[in-house]
Every structure is written in structure tokens, then in C-alpha cells.
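Visitor: I should like to take a close look at one part of this structure. Please begin with a pairing between strands, and then place it in a wider account of the model.

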Amino acid sequence: MFSNRQEYPYGLRTPRNATRGMQSVLQAHIIKQFIFDNKPRDKSVPLEELLKPTEAEQALSLYTAMSDILWNIGEKSKAIVALPGEASHIPHSHVYFQDNVTEKLYFFEFTKLDDLQIFMKRYLPYFTENPGPGTLLYLYSAVLTRGMENMRNDLDAPKGAHLMGPHEEGSLNVITLLLTGRATPYLHNGVVYVGDEDHYAVPQFGILSRGAIGLLVWEGENEAMRSASRMPGSRLKTPATPVWDEGGGDNGDQEGDRKRDDMVSTPLERLIHTKWMDAKITYHGALPASLNF
């Protein structure tokens, strides 16, 4: 759902829970549409006007972004959308605990982007109802579109990687799935072979191509200890359009309660410094009450 705050009509509501990472990718795609894809003929239109969509434009941007992400995950050849029905297909038992969504799913496969967009437009309320299972339905759709075997390969499963991580605000693997089409835990460019004198070198598949939207990551006090595979390479830092998603760590709450004039120590500025070391933030208008992620 979009924010009901007049100053942020382009923004999605993003609760501080495991859905936030997914919604941040959607938000990046929506901003890209408003600023770069829907270019007005009049070049003098200011940026702030581009970010004041009507309700119809909000809905258009949302179902278009959702369709584009799934289409990219399906390598631009197919997409699968999961929607719930009324009847349960799996009974409640000691091996399966019903959640009132998963056991009722139907799957719809598309091989044309136009058909996918029409379907997403028609059934958009399933994904925007609040409260509702929209984020879960979209996660299922993304995983099914990618395919279970591909997901296991993406995650480098034999080494213990999982799609869902321990952080409250969501998994970086979900972000890479929606952002790049592959649920890779490795953020470096291309393929890196890793081994030592006692083991054969094995490939780690990172970011294989430069996408339209980038990714910046700051992991708080753990930043200096982060492995090279978790450091975004140039393909994530320099996307085709100047729009970036953020993949914060798990201690943003600890850093968020700062004085408003202490901009240098906010997680937002530290995240930006991972790409532009000397950058400064200047707010026009009222300073946000909270600058943490």
C-alpha cells in the first residue's frame, strides 16, 4: 500500500519486519518509473512534481513494477503468480500447520509480459489488502517463477545458505532474487573461484550483469568484518539508472536514535558513504523524525 502522507505520495508503507526488504525493491522500481520511465515531454517539469502521482498512477506503477520483477526472475520468458482460493488442498496435521494461505494456493503461469501485467492489474487487491497475505503471495510467486532447482543453485545450498535469514528486516537473499533475478548470497561481480591448499577451488556466482537498479549495503558495526563476497561490486554500485535499493544490517535501531543535527552518525549517511565517501546530506524542508532504517 502507498503512504497516505501527502509529502510522500510515491512511497510504500514499509513496516519494520521481514517484508521490508522485498518492499524496498518494489519501491526502487516505482521511483525509477516515476523519474526515468515516465519522462514528460516538458523537460522543465521539476523532480518533485514527478513524484506526486495520482491514485491511478500509483496503482499502475505498482502492478507494473511487480510484473517487471517477476518477468526478470523468469528470464523474460515466463512468470508464475500465486493466489489463494477458498478450498484447502492440504489438511492440517502434525507435519503441516495450516496458515490459511499456503494450503489454498493456485498457480497461474504466463509466457507474455502483457498478459502478466493485465493479470496483476486485475488481482492487485490480493497484494495490497491490509492486513493481508500480499507479501507472502509475492514471495511465493518469485520463488515459483525462479524454480526450486534454480533457487538451490543460487543459494549455494550445500554450504548452508537459506532464502530467509535471521534479521528482523528481511533477508539479503530475497533482495537479490527480486533485484537481479537470482537469489545469490554473493554480491561481488561475476564468478569468483574460492579454495585453499586443501580443497579444490569452487565457483561462487555473484552478480552476473549490471541491472537497472543498484544495491548499497551497510552492516553497522559489523561493516569492517564483512567478507569480500558480501561487499557489493561495481555492477550493484553503478546501475543503469541512478536508483539504489538498500540492504541494511540488523542493528539499525541501535543507531537510529540520534540528535537531528548529528547527521554524520546516521545509518543513512553511513550507507551513502559506502559509495560516496565524502558525500553530505542536506534536507530541504522539515527533517524526518527518524533517519534510521
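Guide: Val191 has Phe205 as its bridge partner in strand E4. The model under discussion is predicted. This pair belongs to the antiparallel arrangement of strand E3, residues 191–196, and strand E4, residues 199–205, which are joined by 5 bridges. With 2 residues between them, E3 and E4 form a hairpin.

A second site worth attention is Gln23, a residue of helix H1, which covers residues 20–37. Gln23 has a relative accessibility of 10% and therefore counts as buried, since the term applies under 20%. Setting aside residues up to four places away in sequence, Gln23 is in contact with Leu12, Arg13, Thr14, Pro15 and Thr135. One of these contacts, Thr135, lies 112 residues from Gln23 along the chain, yet the C-alpha atoms of the two are separated by 8.2 Å.

As to confidence, the average pLDDT of the protein is 81, and 80% of the residues score at least 70. Residues 250–264 have a pLDDT below 50, although this stretch has 28 contacts in the model beyond near neighbours in sequence. Residues 289–293 also have a pLDDT below 50, with 19 contacts in the model beyond near neighbours in sequence. Where pLDDT is low, predicted coordinates should not be read in detail.

Key
Residues are numbered from 1 along each chain as its sequence is written. This is a predicted model: local features need pLDDT of at least 70, side-chain atom pairs count only at pLDDT 80 or more; totals for chains, interfaces and linings use all residues. Side-chain values use heavy atoms; hydrogens and water are left out. Helices (H or I, at least four residues) and strands (E, at least two) are DSSP runs, numbered from the N terminus. Buried means under 20% relative accessible area, exposed over 50%, partly exposed in between (1.4 Å probe, protein chains only). Contact means heavy atoms within 4.5 Å. pLDDT is the predictor's confidence in each residue, from 0 to 100. Two strands pair if DSSP finds at least two bridges between them.
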